[in-house]
Amino acid sequence: LLIGGVVALVVIAGVLAYVLTRPSSSKSAAPSTIPWAKLGTLQNGPPPWNNGVGGLTDRLTLLGLNPLGQEGSVLHIHQHLDLYVNGKHVTLPALVGINDNSYITEVHTHDRSGVIHVESPNQRTFKLGQLFGEWGVKLTANCVANYCGHLKWWVNGQQITGDPAELNLRAHQEIVIAQGPPPLVVPKSYKFPAGE
(Lines give C-alpha, C1' and ligand atoms only; values in the text may rest on other atoms or scores of the structure.)
Protein backbone atom coordinates (compact mmCIF):
# COMPACT_ATOMS: atom_id res chain seq x y z
CA LEU A 1 0.00 0.00 0.00
CA LEU A 2 2.86 2.35 0.89
CA ILE A 3 4.66 1.62 -2.41
CA GLY A 4 1.42 2.24 -4.36
CA GLY A 5 1.01 5.61 -2.62
CA VAL A 6 4.60 6.61 -3.43
CA VAL A 7 4.17 5.61 -7.08
CA ALA A 8 0.95 7.63 -7.30
CA LEU A 9 2.70 10.68 -5.81
CA VAL A 10 5.58 10.35 -8.28
CA VAL A 11 3.14 10.16 -11.22
CA ILE A 12 1.19 13.18 -9.95
CA ALA A 13 4.43 15.13 -9.43
CA GLY A 14 5.56 14.27 -12.96
CA VAL A 15 2.28 15.40 -14.50
CA LEU A 16 2.33 18.64 -12.50
CA ALA A 17 5.95 19.33 -13.47
CA TYR A 18 5.07 18.88 -17.17
CA VAL A 19 1.98 21.08 -16.99
CA LEU A 20 3.70 23.84 -15.02
CA THR A 21 6.84 24.00 -17.16
CA ARG A 22 5.36 23.80 -20.68
CA PRO A 23 4.52 27.05 -22.48
CA SER A 24 1.11 28.40 -21.59
CA SER A 25 -1.40 27.66 -24.33
CA SER A 26 -3.26 30.90 -23.61
CA LYS A 27 -0.07 32.88 -24.07
CA SER A 28 0.82 31.15 -27.34
CA ALA A 29 -2.62 31.03 -28.95
CA ALA A 30 -3.98 33.69 -31.26
CA PRO A 31 -7.04 35.35 -29.72
CA SER A 32 -10.33 34.39 -31.35
CA THR A 33 -10.89 38.09 -32.07
CA ILE A 34 -8.57 41.01 -31.44
CA PRO A 35 -9.71 42.90 -28.29
CA TRP A 36 -9.21 46.37 -29.80
CA ALA A 37 -10.85 48.20 -26.87
CA LYS A 38 -8.38 46.63 -24.42
CA LEU A 39 -5.20 47.37 -26.39
CA GLY A 40 -4.74 50.85 -24.97
CA THR A 41 -4.11 53.91 -27.08
CA LEU A 42 -4.24 53.12 -30.78
CA GLN A 43 -3.08 55.25 -33.70
CA ASN A 44 -6.03 57.30 -34.95
CA GLY A 45 -4.46 60.24 -36.69
CA PRO A 46 -3.91 60.36 -40.43
CA PRO A 47 -1.32 58.01 -41.96
CA PRO A 48 1.54 57.43 -42.13
CA TRP A 49 1.53 55.65 -38.77
CA ASN A 50 4.65 54.84 -36.73
CA ASN A 51 5.60 51.25 -35.91
CA GLY A 52 3.65 51.18 -32.62
CA VAL A 53 6.61 50.22 -30.46
CA GLY A 54 5.53 52.66 -27.72
CA GLY A 55 2.70 50.42 -26.50
CA LEU A 56 3.96 47.10 -27.86
CA THR A 57 4.92 45.39 -24.60
CA ASP A 58 1.54 46.10 -23.01
CA ARG A 59 -0.34 44.65 -26.00
CA LEU A 60 1.54 41.35 -26.44
CA THR A 61 -0.42 39.14 -24.03
CA LEU A 62 -3.78 40.34 -25.39
CA LEU A 63 -2.55 39.61 -28.92
CA GLY A 64 -1.29 36.12 -28.07
CA LEU A 65 2.30 37.03 -28.99
CA ASN A 66 5.52 36.51 -27.08
CA PRO A 67 8.69 38.56 -26.59
CA LEU A 68 11.45 36.37 -28.03
CA GLY A 69 15.20 36.69 -27.64
CA GLN A 70 15.61 35.82 -31.32
CA GLU A 71 13.53 34.93 -34.37
CA GLY A 72 11.95 31.50 -34.22
CA SER A 73 12.90 28.93 -36.85
CA VAL A 74 10.24 26.21 -36.61
CA LEU A 75 7.68 28.26 -38.59
CA HIS A 76 9.22 30.70 -41.08
CA ILE A 77 6.87 32.22 -43.68
CA HIS A 78 6.30 35.62 -45.31
CA GLN A 79 3.38 37.65 -46.66
CA HIS A 80 3.14 41.02 -48.37
CA LEU A 81 0.69 43.79 -47.44
CA ASP A 82 -0.55 46.61 -49.67
CA LEU A 83 -2.73 48.98 -47.64
CA TYR A 84 -4.76 51.85 -49.12
CA VAL A 85 -6.58 54.47 -47.06
CA ASN A 86 -8.76 57.02 -48.87
CA GLY A 87 -7.18 55.95 -52.16
CA LYS A 88 -3.57 56.49 -51.03
CA HIS A 89 -1.00 53.75 -50.45
CA VAL A 90 0.05 53.53 -46.78
CA THR A 91 3.49 52.14 -46.04
CA LEU A 92 3.80 49.37 -43.47
CA PRO A 93 6.65 50.71 -41.32
CA ALA A 94 9.87 48.97 -40.42
CA LEU A 95 10.27 47.27 -37.04
CA VAL A 96 6.63 46.52 -36.25
CA GLY A 97 6.82 43.82 -33.54
CA ILE A 98 10.45 44.58 -32.69
CA ASN A 99 11.32 46.42 -29.48
CA ASP A 100 14.81 47.80 -30.16
CA ASN A 101 17.35 45.27 -28.91
CA SER A 102 15.04 43.95 -26.17
CA TYR A 103 12.91 41.42 -28.05
CA ILE A 104 11.26 40.42 -31.29
CA THR A 105 7.79 38.87 -31.66
CA GLU A 106 6.71 35.99 -33.87
CA VAL A 107 5.04 38.42 -36.33
CA HIS A 108 7.10 41.45 -37.37
CA THR A 109 8.56 43.63 -40.13
CA HIS A 110 12.18 44.47 -40.79
CA ASP A 111 11.84 47.21 -43.38
CA ARG A 112 9.27 49.32 -45.23
CA SER A 113 8.79 46.87 -48.13
CA GLY A 114 5.41 45.62 -46.86
CA VAL A 115 6.80 42.13 -46.20
CA ILE A 116 5.46 40.52 -43.02
CA HIS A 117 7.74 38.00 -41.32
CA VAL A 118 6.22 35.13 -39.34
CA GLU A 119 9.08 33.42 -37.51
CA SER A 120 7.98 31.30 -34.58
CA PRO A 121 9.71 28.74 -32.35
CA ASN A 122 6.62 26.50 -32.69
CA GLN A 123 3.99 25.58 -35.26
CA ARG A 124 0.82 27.59 -34.77
CA THR A 125 -1.56 29.87 -36.63
CA PHE A 126 -1.06 33.63 -36.70
CA LYS A 127 -3.61 36.21 -37.85
CA LEU A 128 -3.26 39.49 -39.71
CA GLY A 129 -4.97 41.27 -36.80
CA GLN A 130 -2.04 40.38 -34.56
CA LEU A 131 0.30 42.42 -36.79
CA PHE A 132 -2.14 45.36 -36.84
CA GLY A 133 -2.50 45.09 -33.05
CA GLU A 134 1.27 45.34 -32.62
CA TRP A 135 1.26 48.27 -35.01
CA GLY A 136 -1.47 49.92 -32.92
CA VAL A 137 -3.73 50.33 -35.96
CA LYS A 138 -7.27 49.00 -35.56
CA LEU A 139 -8.40 46.66 -38.34
CA THR A 140 -11.98 45.38 -38.56
CA ALA A 141 -14.45 44.40 -41.27
CA ASN A 142 -15.30 48.11 -41.67
CA CYS A 143 -12.35 50.15 -40.38
CA VAL A 144 -8.64 50.84 -40.66
CA ALA A 145 -7.72 53.00 -37.65
CA ASN A 146 -10.57 55.52 -37.40
CA TYR A 147 -11.28 55.45 -41.16
CA CYS A 148 -14.48 53.48 -41.50
CA GLY A 149 -16.80 52.39 -44.30
CA HIS A 150 -16.24 51.02 -47.79
CA LEU A 151 -13.52 48.56 -46.75
CA LYS A 152 -12.60 45.88 -49.30
CA TRP A 153 -9.80 43.35 -49.21
CA TRP A 154 -8.17 40.72 -51.38
CA VAL A 155 -5.80 37.78 -50.97
CA ASN A 156 -3.78 36.84 -54.05
CA GLY A 157 -6.15 38.91 -56.20
CA GLN A 158 -9.34 37.24 -54.92
CA GLN A 159 -11.77 39.54 -53.12
CA ILE A 160 -12.68 38.27 -49.65
CA THR A 161 -15.55 39.22 -47.35
CA GLY A 162 -15.55 39.34 -43.56
CA ASP A 163 -12.98 40.68 -41.13
CA PRO A 164 -9.43 40.91 -42.53
CA ALA A 165 -8.04 40.83 -38.97
CA GLU A 166 -9.18 37.17 -38.85
CA LEU A 167 -7.10 36.19 -41.89
CA ASN A 168 -4.80 33.26 -41.11
CA LEU A 169 -1.33 34.13 -42.38
CA ARG A 170 0.02 31.64 -44.94
CA ALA A 171 3.20 31.58 -47.00
CA HIS A 172 3.48 34.08 -49.86
CA GLN A 173 0.09 35.73 -49.57
CA GLU A 174 -0.37 39.06 -51.31
CA ILE A 175 -2.81 40.89 -49.03
CA VAL A 176 -4.50 44.08 -50.26
CA ILE A 177 -6.76 46.16 -48.01
CA ALA A 178 -8.51 49.27 -49.29
CA GLN A 179 -10.51 51.59 -47.08
CA GLY A 180 -12.11 53.91 -49.57
CA PRO A 181 -11.28 53.75 -53.28
CA PRO A 182 -9.30 50.62 -54.19
CA PRO A 183 -6.27 50.76 -56.47
CA LEU A 184 -6.99 50.68 -60.22
CA VAL A 185 -5.16 47.35 -60.40
CA VAL A 186 -5.29 45.08 -57.36
CA PRO A 187 -1.94 43.28 -56.96
CA LYS A 188 -2.33 39.49 -57.24
CA SER A 189 1.18 38.50 -56.18
CA TYR A 190 4.44 39.83 -54.83
CA LYS A 191 7.93 38.91 -55.94
CA PHE A 192 9.50 37.81 -52.67
CA PRO A 193 13.29 37.99 -52.46
CA ALA A 194 15.15 34.69 -52.82
CA GLY A 195 14.94 32.70 -49.60
CA GLU A 196 11.70 34.31 -48.47
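In which loop does Gln 43 lie? The first legend below gives the answer, and every view is drawn from a predicted model.

**View 1. Gln 43 and its surroundings.** Gln 43 is located in the loop between α2 (25–28) and α3. With a relative accessible area of 15%, Gln 43 falls under the 20% limit and therefore counts as buried. Its side chain reaches the backbone oxygen of Trp 135 at 2.6 Å. When neighbours within four places in sequence are left aside, the contacts of Gln 43 are Trp 49, Asn 50, Gly 52, Trp 135, Gly 136, Val 137 and Ala 145. One of these, Gly 136, comes just after α4 and takes a positive phi of about 80°.

**View 2. The aromatic cluster of Trp 49, Phe 132 and Trp 135.** A search of the whole structure returns 3 aromatic pairs. In the pair formed by Trp 49 and Trp 135, the ring centres are 5.9 Å apart and the planes stand at 75°, so the arrangement is edge-to-face. This pair links distant parts of the chain, since Trp 49 belongs to the loop between α2 and α3 and Trp 135 to helix α4, 86 residues apart. Phe 132 and Trp 135 form a tilted pair, with 5.3 Å from centre to centre and 50° between the planes. These two residues are 3 residues apart in helix α4, which means a separation of about one helical turn. In general, an α-helix has 3.6 residues a turn, so residues three or four places apart point the same way. Trp 49 is buried. Phe 132 is buried at 0% relative accessibility, and Trp 135 is buried at 0% relative accessibility. Trp 49, Phe 132 and Trp 135 together make up one aromatic cluster.

**View 3. Helix α4 within the structure.** Of the 8 residues of α4, 8 are buried, so the helix is largely enclosed by the rest of the structure. The buried residues are Leu 128, Gly 129, Gln 130, Leu 131, Phe 132, Gly 133, Glu 134 and Trp 135. The elements covering them include α3, β1, β5 (107–108), β6 and β11.

**View 4. The largest nonpolar core and a separate smaller one.** The largest nonpolar core comprises 39 residues, and those with the most contacts inside it are Trp 49, Leu 83, Leu 128, Phe 132, Val 144 and Ile 177. At least two residues of this core are supplied by each of α3 (56–63), β1 (75–85), β6 (115–120), α4 (128–135), β9 (151–155) and β11 (173–179). Strand β1 provides the largest share, 5 residues. Apart from this core lies another, of 5 residues, which includes Tyr 84, Val 176, Ala 178 and Val 186. With neighbours within four places in sequence left aside, Leu 83 is in contact with Trp 49, Lys 88, His 89, Val 90, Phe 132, Trp 135, Val 144 and Ile 177.

**View 5. Phe 126 in the loop between β6 and α4.** Phe 126 is found in the loop that runs between β6 and α4. Its relative accessible area is 2%, so Phe 126 is buried. Its C-alpha atom is separated by 5.7 Å from that of Leu 169, although the two residues are 43 residues apart along the chain. Beyond its neighbours within four places in sequence, Phe 126 is in contact with Leu 65, Leu 75, Glu 106, Val 107, Val 118, Ser 120, Leu 167, Asn 168 and Leu 169.

**View 6. Asn 142 in the loop between α4 and β7.** Asn 142 occupies a place in the loop between α4 and β7 (143–144). This residue is partly exposed, with a relative accessible area of 49%. Not counting residues up to four places away in sequence, Asn 142 touches Tyr 147, Cys 148, Gly 149 and Leu 151. The C-alpha atoms of Asn 142 and Asp 163, 21 residues apart along the chain, are separated by 7.8 Å.

**View 7. The whole protein as context for the close-ups.** The protein has 4 helices and 11 strands. Buried residues make up 45% of its 196 residues. Among contacts with a separation of 6 or more, 69% are between residues 24 or more positions apart. The accessible surface comes to about 10400 Å², with 58% belonging to carbon and sulfur atoms.

Definitions and conventions: Residues are numbered from 1 along each chain as its sequence is written. This is a predicted model: local features need pLDDT of at least 70, side-chain atom pairs count only at pLDDT 80 or more; totals for chains, interfaces and linings use all residues. Side-chain values use heavy atoms; hydrogens and water are left out. A nonpolar core is a set of buried Ala, Val, Leu, Ile, Met, Phe, Trp, Tyr and Cys residues joined through side-chain atoms within 4.5 Å. Buried means under 20% relative accessible area, exposed over 50%, partly exposed in between (1.4 Å probe, protein chains only). Contact means heavy atoms within 4.5 Å. Accessible areas come from the Shrake-Rupley method with a 1.4 Å probe; for residues, only the protein chains shown count as cover. A polar contact is a pair of N or O atoms within 3.5 Å; within protein, one must be able to donate a hydrogen and the other to accept it, and residues adjacent in sequence count only if both atoms are side-chain atoms. Rings of Phe, Tyr and Trp (its six-membered ring) pair if their centres lie within 6.5 Å; planes under 30 degrees apart count as stacked, over 60 as edge-to-face and the rest as tilted.
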